[in-house]
Amino acid sequence: MATRPIIKAPNNYANSVGMINYVLKNSAGYLAGTPLVGDTLESLKMTGAAIMSSQNRANEFCSALVNQIALVIVTSKAWNNPYGEFVKKGVLDLGEQVEQVFVNLAKVEDFSTTGSVNEILADNFAQRIPDVRSNFLVRNFSKKYTVSISHAALRKAFTTMDGLQSLVDYIVQSLLVGYNYDEMIMAQATLGIAALEGRIAAEHISAITDEASAKAAVEVIKNISDEMLFLKTKYNSAHVMSHTSKDDQYVLKSISVNNKISVQILAQAFQMQEVEFSGHQVLWDDWDDAKLARLDELFGMEGGNHVFSSDDVTALNSIKFVVCDRDFLCQYDNLVESAEQWVPSKLTNNYFLIHEATFGFNPFANACLVYVGNAPSVTSVAVSPSTADAAVGTSLQCVATVTASAFANKDVTWSVTGADTGKGTYIDGNGMLHIGAEETATAGSGALTVKATSKADSSVYGTATVTLVASQS
């Protein structure tokens, strides 16, 4: 039999009488002068009759009930989803973007006490620009949750000592469950998208079926955890020198292995006390049809399309652990507000909880997933356009399509050959080919070769041929 969780109101309005009196004491409009409720049912009914004696009073009370009590409970319980404390990073009062900044290691130079005056002056006053990287997250979640309260339901709530509390529980449940569930789904979807794009380092393990396979899995996790203590580029998608202390390491664990590997064993792998480690693990469940349908609703998918394909779901459900920095997954709340509308034709108040947020991951933060399956591999790299004509002094955007299995890194390294050295022709890290205005490779049937090489496997690459033509200007 299905049950719903019990929501406990704050102490100052922990029951129906407390709620009514709290609203009346904090009202200065139509409700002013309404008698407070005593400890008897008769007193409750008298106060209820006074409140329901006019539409203005009833509307004011209903509005206060939702805004001063129900929504307070909703927002105070907003950390109830399994990812809450781990993922939520705060509120954005202004703007719609989050800038994530990372400063890479300073360059090292030889030190010498010798040299000419000019050399010393040039060295002393030379500008060393720090390697500063940035990433922007843009607001990508804007939803509303609605609940309606009829005057008939409100009038009925004054007939029993716990009637109003039950009504508030109904309001809170209808808003809170969807609010928290969607936050959880968005966090898990963000993780899934990053994994499928090869933005998270991956280690494969055998299926955990016995003590030996469980021990082998824990050894993999321990190695990952220990390696993250040192400055490395392998565990973040920006490939910067980064590390994560044990205190900042979290492990996301599938419930399918939760009963096979104890908290005590994982705590030892992370070199933490069991009590301390319990706050560093987060459980999640697999993607099923119901969760996928809700995700499609959140993304507005129609016409049979889905955020994740069946192959994607199979891959994501093979993930058993994710070891990551506490800053890897991010949620910033842009707006959490309520609105209301009186509907005269239905004698109903409609209430809306609006939630706008920014979900994403930090490319500078460490993360590594552990999954059951084959080793990640890159099958092919294709560059488009595969052939093109381009005038000197112009630019051409090239795109690499990487075909990979499992969760292989799909990043590529771009290079260009055939250019006349020193003529200003180069290709940047985003695949934008810049052809110098004085490029002389156009002699005869001059052409440039653009190459995209897999970062995961340098033996796999794709090329494109760009034939140079004279500028039309």
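Is Gln271 buried or exposed? Keep that one in mind; the tour gets to Gln271 a few stops down the road. One caveat before you start clicking: this is a predicted model.

**Stop 1: the whole chain**

Zoom out and show everything as a cartoon. The chain holds 13 helices and 20 strands. Its C-alpha trace spans about 100 × 65 × 60 Å along the principal axes. The radius of gyration is 30 Å, where a compact globule of 473 residues would have one near 23 Å. If you colour by burial, 44% of the 473 residues count as buried. Switch to a surface and you are looking at about 24200 Å² exposed, with carbon and sulfur atoms supplying 52% of it. As for contacts with a separation of 6 or more, 73% of them join residues 24 or more positions apart.

**Stop 2: helix α12**

Select residues 289–299, which make up helix α12. Show side chains and pick out Lys291, Leu292, Leu295, Asp296 and Leu298: these are buried. Now look down the axis of α12; the buried residues line one face of the helix, because they fall within an arc of 160 degrees. What do these buried residues pack against? Bring up β4 (141–150), α7 (163–196) and α13 (310–316), and you have their packing partners.

Spin the view around to the face turned away from the buried side. There α12 carries the exposed residues Asp289, Ala290 and Glu297. Then step just past the end of the helix to Gly300, which takes a positive phi of about 70 degrees.

**Stop 3: a salt bridge that starts on α12**

Go back to Lys291 and add Asp285 to the selection. The two form a salt bridge, with the closest N and O atoms 2.5 Å apart. Which end of this pair is buried? Lys291 is, at a relative accessible area of 1%, while Asp285 is partly exposed at 27%. While you have salt bridges switched on, select Lys88, Glu183 and Asp333 as well: salt bridges that share partners join these residues into one network. The count of salt bridges in the model comes to 10.

**Stop 4: the end of helix α8**

Next, select Lys222 and Asp226. They form a salt bridge whose closest N and O atoms are 2.8 Å apart. Both sit in helix α8 (residues 211–227), and they are separated by about one helical turn because they are 4 residues apart. That spacing fits a general rule: an α-helix has 3.6 residues a turn, so residues three or four places apart point the same way. Asp226 counts as buried at 19% relative accessibility, which falls under the 20% cut-off, whereas Lys222 is partly exposed at 30%.

Slide along to Glu227 and add Lys234. Here is another salt bridge, with its closest N and O atoms 3.3 Å apart. Glu227 counts as partly exposed at 27% relative accessibility, and Lys234 is also partly exposed, with a relative accessible area of 42%.

**Stop 5: a nonpolar patch**

Turn the surface back on and select Val101, Val103 and Val132. Together they form a nonpolar patch with about 260 Å² of accessible area. Val132 has its place in strand β3 (residues 132–138) and counts as partly exposed at 46% relative accessibility.

**Stop 6: backbone oddities in the loops**

Hide the surface and look at the backbone torsions.

- Select Gln271, in the loop between α10 (263–269) and α11 (274–277). Its phi is near 55 degrees, a positive value in a residue other than glycine. And here is the reply to the opening question: Gln271 counts as exposed, at 52% relative accessibility.
- Move on to Leu347, in the loop between β9 (329–343) and β10 (348–361). Leu347 has a positive phi of about 50 degrees although it is not a glycine, and it is partly exposed, with a relative accessible area of 47%.
- Finish at Pro385, found in the loop between β12 (377–384) and β13 (387–391). Which way does the peptide bond from Ser384 to Pro385 go, cis or trans? Check omega: it is near -5 degrees, and the bond is cis.

Terms used:
Residues are numbered from 1 along each chain as its sequence is written. This is a predicted model: local features need pLDDT of at least 70, side-chain atom pairs count only at pLDDT 80 or more; totals for chains, interfaces and linings use all residues. Side-chain values use heavy atoms; hydrogens and water are left out. A salt bridge is a side-chain nitrogen of Lys or Arg within 4 Å of a carboxyl oxygen of Asp or Glu. Helices (H or I, at least four residues) and strands (E, at least two) are DSSP runs, numbered from the N terminus. Buried means under 20% relative accessible area, exposed over 50%, partly exposed in between (1.4 Å probe, protein chains only). The arc is that of the directions from the helix axis to the C-beta atoms. Contact means heavy atoms within 4.5 Å. The radius of gyration is taken over C-alpha atoms; the globule rule is 2.2 Å times the number of residues to the power 0.38. Accessible areas come from the Shrake-Rupley method with a 1.4 Å probe; for residues, only the protein chains shown count as cover. Patches are made of residues with over 30% relative accessible area and no salt bridge: like charges are joined within 9 Å, nonpolar side chains (Val, Leu, Ile, Met, Phe, Trp, Tyr) within 5 Å.
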